[in-house]
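Open the model in a viewer with secondary structure and side chains available. The stops below go from the whole chain to single residues.

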Amino acid sequence: MKSSVFILLLPLLLTFVSARIDPKNLKCLVCRTTFEELNTVIKSVDKWKKVDVGNFRMDASGNLQQQKLPAHRSAVYISEVIDGICKKMDDYVRVYFKATGKLAIMQLMTPDGKMNGDFSKTKFVTDDDLNKSLEYYCERMFEENEDEITDLYKNRPEDDVMPDAEREICFNHAEYCEEWMLPNEEDTTWTEEMEREYVKVHGPDPYGFGGLPQPPPEAFEDDDDIETIPDDGQDEEVLDPKDEL
């Protein structure tokens, strides 16, 4: 369903700003988002779930040298979760806040399947280096800091989440982030009057004030209901005629 919505909105997203994005700034945004997603996942983990950790060797008595550890404190578990988070990073897009021009990354759709209303505050932007996706930056971030990240969680078993992990890794250890990169009220404030002034200078924005336009109902039909037929020598995706009755 999400893929159908994205395809229908693609013409709108093609009205973007092309710019050379500061790689350090982008790494900061990806790093911070990774920890936001990670803490969300950890909050949902059953605290009773434990995994065996150890070196799988026998002690003098013939017993395996292992111990039980909460799953969300296991280095293997954290690694698997971040791998899944990195795959989800392609659900995010690069944007600039219209008010200040500050870089951000946002999801096109919210977790409940609705359009992200905050897009009305931003301008879609693509990096000149199109070969490096947000997933790529996420994977590199974890590879470069894997030991520090897993140790940070593993050594704090009394906490369900790590609210200071983002600060510890993204700011202090990896040094991707600087304070000016964080969004503030000036960045995120966008009013109807500001939108009108923006349109006078830049022309009508495809998003408009109040967020992305809602897609037509057929966007939420199954992909199997969409077929391709020729029209004036061009191919076009249309709904199966039976769905129009």
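The tour starts with the whole chain, then turns to a strand pair and ends at a glutamate.

**Whole chain.** Keep in mind that this is a predicted model. Show it as a cartoon: there are seven helices and eight strands. Colour the 245 residues by burial, and 40% of them count as buried. The exposed surface of the chain comes to about 14,400 Å², with carbon and sulfur atoms supplying 49% of that area. A contact map limited to separations of 6 or more would have 65% of its contacts between residues 24 or more positions apart.

**Strand S4.** Select residues 92–97, which form S4; six of its six residues are buried. Turn on the side chains. Tyr92, Arg94 and Tyr96 point one way, while Val93, Val95 and Phe97 point the other way. Both sets are buried.

**The partner strand.** Add residues 103–107, strand S5, which pairs with S4 in the antiparallel sense over five bridges. Find Val95 and look across to S5: the residue opposite is Ala104. Then follow the hairpin through the five residues between the two strands, where Gly101 has a positive phi near 80°.

**Glu166.** Move to helix H5, residues 165–173, and select Glu166 within it. Is this side chain's residue buried or exposed? Glu166 is buried, because its relative accessible area is 18%, under the 20% cut-off. Now display Arg32: its side chain makes a polar contact with the side chain of Glu166 at 2.6 Å. Leaving aside residues up to four places away in sequence, Glu166 touches Arg32, Phe35 and Phe171.

Technical notes:
Residues numbered from 1 in each chain as written. Predicted model: local features only at pLDDT ≥ 70, side-chain atom pairs only at ≥ 80, totals over all residues. Heavy atoms only, no water. Helix = DSSP H or I, 4+ residues; strand = E, 2+ residues; numbered from the N terminus. Buried < 20%, exposed > 50% of the residue type's maximum accessible area, 1.4 Å probe, protein only. Contact = heavy atoms within 4.5 Å. Areas by Shrake-Rupley, 256 points an atom, 1.4 Å probe, with all protein chains shown as cover. Pairing = 2+ DSSP bridges. Polar contact = N/O pair within 3.5 Å; in protein donor to acceptor, adjacent residues only side chain to side chain.
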